[in-house]
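User: I would like to go through the fold and the packing of this chain. Could you take me through it?

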Amino acid sequence: MTDQGQAGIVAIIELEGESAQLRGQLERAGDRGAVTIAVTGPARSGKSAVLRSVVAEHEDWLVLWANCLPLGDSIPFGVIYQWFAGLARVTEEGDEPFDGPGAALRELVVRGAVDTSATEISYAVRWAIARLAGRQRVLLVVDDLQWADAASATVIGHLVSLLSPEPIALLCGIREEREVPKPPVVEAILHAASVVSLRRGRLTPAELRVATLAAAGLSNREIAARLFVTLKTVEFHLSRCFRKLGVTTRHALAAMLETEPVA
């Protein structure tokens, strides 16, 4: 198993409470119409692993998934393409859900009509999703929304107010980064959504002892000898410190300990 896979399993186990909260929010879709949910957390918080795990449990839903990338903001409607490209390839022109206003959506994902206005695509997406929701509950997922291209962000922002009253859930994974301003669509989503936060900034006394020594420049073996613990114990505590504080290096850990209350 890769380190990333192991980290994902650890995150899911540690964040079972938050996962249960997310499941509960998803079950509201249909009972109260459409719901919007945001799962937030710093880098390495387990956000993506929790999204994948919980979504995989909802096999009776139609899941449309999109991932945003740091350099993906130059591709117009990238999120919309990921959501609907597969479905459009197996649907004849004029058939549901690409009939009526939904035709513009098929033109976008099949023929690359990226010059279509975001407003027109918003209503086309709204139409298509409503058609699909007439058959089964629909789960729209977009991970790392903070990196969405401007056109996709506009459509997603419109959807928050347009989705109702069908059994639809819009589930957004949002990375929180200190001192980095959030795009307007992210602020709007957070204002309108039920938020499941994975931020866990407080360290236990054992974690703080390990973090302090690591920030001072000691190696893992030196920390283990200093604290009379095993090397694996140091690695475990240090991994948890990184995940909780949203850092990936000892340098960043040291800066965090100097500027933020973490205990």
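Analyst: The following exchange covers the sheet, the helices and the nonpolar cores. Please note that this is a predicted model.

User: Let us begin with the sheet. How many strands form it, and in what order?

Analyst: The open sheet has 5 strands, arranged as β2-β3-β4-β1-β5, and their pairing is parallel.

User: Which strands stand at the edges?

Analyst: Those are β2 and β5 (194-197). Each has a single partner strand, so one side of each is left without a neighbour in the sheet.

User: And by how much are neighbouring strands turned against each other?

Analyst: On average the turn is 15°, with direction ignored.

User: How many bridges join β2 to β3?

Analyst: There are 6 bridges between these two parallel strands. As one example, Ala 66 has Val 142 in β3 as its bridge partner.

User: Turning to the helices, which strands does α4 lie across?

Analyst: Helix α4 lies across β2, β3 and β4, and runs at about 145° to β2. Helix α6 also lies across β2, β3 and β4, running at about 135° to β3.

User: How do α4 and α7 cross?

Analyst: Their axes come within 7 Å and cross at roughly 70°. Since angles of 65 to 115 degrees count as roughly perpendicular, that makes α4 roughly perpendicular to α7.

User: Which residues make that contact?

Analyst: On the α4 side they are Gly 78, Val 79, Ile 80 and Trp 83, and on the α7 side Ser 152, Val 155, Ile 156 and Leu 159. By class, the contact of α4 with α7 comprises 6 nonpolar and 2 polar residues, with no charged residues.

User: Now the interior. Which members of the largest nonpolar core touch the most other members?

Analyst: This core has 44 residues, and the members in question are Ile 80, Trp 83, Phe 84, Leu 105 and Ile 189. At least two core residues come from each of β2 (62-67), α4 (78-89), α5 (103-111), α6 (118-133), β3 (138-143), α7 (150-162), β4 (168-175) and α8 (184-192).

User: Which element gives the largest share?

Analyst: That is α6, with 8 residues of this core.

User: What does Ile 80 touch?

Analyst: Leaving aside residues up to four places away in sequence, Ile 80 touches Leu 105, Leu 108, Val 109, Ile 121, Val 125, Ser 152 and Val 155.

User: What is in the second core?

Analyst: The second core is separate and has 18 residues, including Leu 22, Val 50, Trp 61 and Leu 139.

How values were computed:
Residues are numbered from 1 along each chain as its sequence is written. This is a predicted model: local features need pLDDT of at least 70, side-chain atom pairs count only at pLDDT 80 or more; totals for chains, interfaces and linings use all residues. Side-chain values use heavy atoms; hydrogens and water are left out. A nonpolar core is a set of buried Ala, Val, Leu, Ile, Met, Phe, Trp, Tyr and Cys residues joined through side-chain atoms within 4.5 Å. Buried means under 20% relative accessible area, exposed over 50%, partly exposed in between (1.4 Å probe, protein chains only). Helices (H or I, at least four residues) and strands (E, at least two) are DSSP runs, numbered from the N terminus. Contact means heavy atoms within 4.5 Å. Two strands pair if DSSP finds at least two bridges between them. Axes are lines fitted to C-alpha atoms, for helices over the stretch in contact, and angles run from 0 to 180 degrees between N-to-C directions. Angles under 35 degrees count as roughly parallel, over 145 as roughly antiparallel, 65 to 115 as roughly perpendicular and the rest as oblique. Ala, Val, Leu, Ile, Met, Phe, Trp, Tyr, Cys and Pro count as nonpolar, Asp, Glu, Lys and Arg as charged, and the others, Gly among them, as polar.
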